[in-house]
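Student: I am new to this structure and would like a close look at one part of it, namely the salt bridges. Could you take me through them slowly, after a few words on the whole?

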Amino acid sequence: MDGQSGILAELPVGYRFLPTDEELVTHYLMNKAFYKPLPAHVGQDINASELYSKPPNTLVTLSCGEREWYFFIYGEEDSVGERKTIRIVGDGIGFWKSSGQEKSICNSDGNVFGLKFQFTYFSGTFPNAKRTHWRMDVYRLPTQYYPAQKVTKKKIVFFRDNQDFKFQ
C-alpha cells in the first residue's frame with residue numbers, strides 16, 4: 001500500500017502500529033468522521049463496494065512481513081439495529097462471515113463509544129466454502145454520534161493475515 005508503507009518507512013526500526021480498540025476508535029475513527037487530523041496516516045480510504053468486491057489478498061500489498069492492514073471505509077449504510085453477518089465478495093468467489101456478536105467498546109466510565117464486529121473470510125460458496133486465514137475487524141461509531149449533517153459515516157476495517165494460525 002503506497003500510503004501505509006510510506007509512513008512505515010519513516011518510523012524507527014522495530015516499530016509496529018498496535019493500537020488498542022479504544023485508541024483506534026478515539027484517535028482515528030472519531031477524528032476521521034469529524035474531519036479532524038489523524039495522529040498518523042495508517043490506512044487508505046476505500047469505498048465499501050470496492051472493499052467487498054475483491055478477496056482480501058488482492059486489496060493488500062504483501063511486503064516486509066506485514067500481516068495487518070487498516071482501511072477507512074465509506075459508502076456503507078446499515079439500518080438501525082441491522083448488521084450484515086455475511087458479506088458476499090465479488091460474484092460469489094468468497095464471503096466474509098461474522099464470528100459472533102457485535103461487541104461494545106466502552107470508556108473507563110462504562111459508556112459505549114464504539115462497536116466492533118469480527119469476520120472470517122471463506123473462499124468458495126456454500127456448502128463447500130473453506131475457511132481461510134484472513135480475519136477482519138470492523139469498527140464503527142454508535143448511531144447517536146451521527147445526528148449532525150457534517151459527520152461522515154465511516155468505519156475502520158482491520159485486515160489480518162493469520163497464515164500461521166492453525167484451526168483445531
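Tutor: The accessible surface of the protein comes to about 9,800 Å², and carbon and sulfur atoms account for 51% of that area. The model is a predicted one, and in it 40% of the 168 residues are buried. There are three helices and eight strands, and read along the sequence they follow the pattern α-α-β-α-β-β-β-β-β-β-β. Among the contacts with a separation of 6 or more, 62% join residues that stand 24 or more positions apart.

With that as background, we can turn to the part you asked about. The structure holds eight salt bridges, and one of them pairs Lys154 with Asp45, whose closest N and O atoms are 3.6 Å apart. Because Lys154 belongs to the loop between E7 and E8 while Asp45 belongs to strand E1, this pair ties together parts that are 109 residues apart in sequence. The two partners can also be described by their accessibility: Lys154 counts as buried, at 9% relative accessibility, whereas Asp45 is partly exposed, with a relative accessible area of 37%.

A further salt bridge is formed by Arg67 and Asp161, with 3.9 Å between the closest N and O atoms. Arg67 lies in the loop between helix H3 (48-51) and E2, and Asp161 lies in strand E8, so the parts tied together here are 94 residues apart in sequence. In this pair Arg67 is the partly exposed partner, at 28% relative accessibility, while Asp161, at 6%, counts as buried.

Glu102 and Arg140 form another salt bridge, and their closest N and O atoms are 2.9 Å apart. Distant parts of the chain are linked by this pair as well, since Glu102 is in the loop between strand E4 (94-98) and E5, Arg140 is in strand E7, and 38 residues separate them. Glu102 counts as partly exposed, with 26% relative accessibility, and Arg140 is buried, with a relative accessible area of 10%. Beyond these pairs, salt bridges also link Asp21, Lys116, Asp137 and Arg160 in a network.

Several of the elements just named appear again when we look at what lies around the pairs. Strand E1 covers residues 43-47 and holds Ile46, which is buried, with a relative accessible area of 2%. Leaving aside neighbours within four places in sequence, Ile46 is in contact with Leu51, Leu59, Phe71, Phe72, Ile73 and Tyr74. One of these, Ile73, is 27 residues from Ile46 in sequence, yet their C-alpha atoms are 5.0 Å apart in space.

Strands E7 and E8 come back in the surroundings of helix H2, which spans residues 21-33 and has as its buried residues Leu24, Val25, Tyr28, Leu29, Met30, Asn31 and Ala33. What covers these buried residues includes E2 (68-74), E5 (103-106), E6, E7 and E8 (155-161). Just after H2, Tyr35 takes a positive phi of about 60°.

For contrast, we can end with a part of the surface that is nonpolar. Ile86, Ile88 and Phe126 make a nonpolar surface patch of about 290 Å². Phe126 is found in the loop between E6 (112-123) and E7 (130-140), and this residue is exposed, with a relative accessible area of 53%.

Note on methods: Residues numbered from 1 in each chain as written. Predicted model: local features only at pLDDT ≥ 70, side-chain atom pairs only at ≥ 80, totals over all residues. Heavy atoms only, no water. Patch = residues over 30% accessible without salt bridge, like charges linked within 9 Å, V, L, I, M, F, W, Y side chains within 5 Å. Areas by Shrake-Rupley, 256 points an atom, 1.4 Å probe, with all protein chains shown as cover. Salt bridge = Lys/Arg side-chain N within 4 Å of Asp/Glu carboxyl O. Helix = DSSP H or I, 4+ residues; strand = E, 2+ residues; numbered from the N terminus. Buried < 20%, exposed > 50% of the residue type's maximum accessible area, 1.4 Å probe, protein only. Contact = heavy atoms within 4.5 Å.
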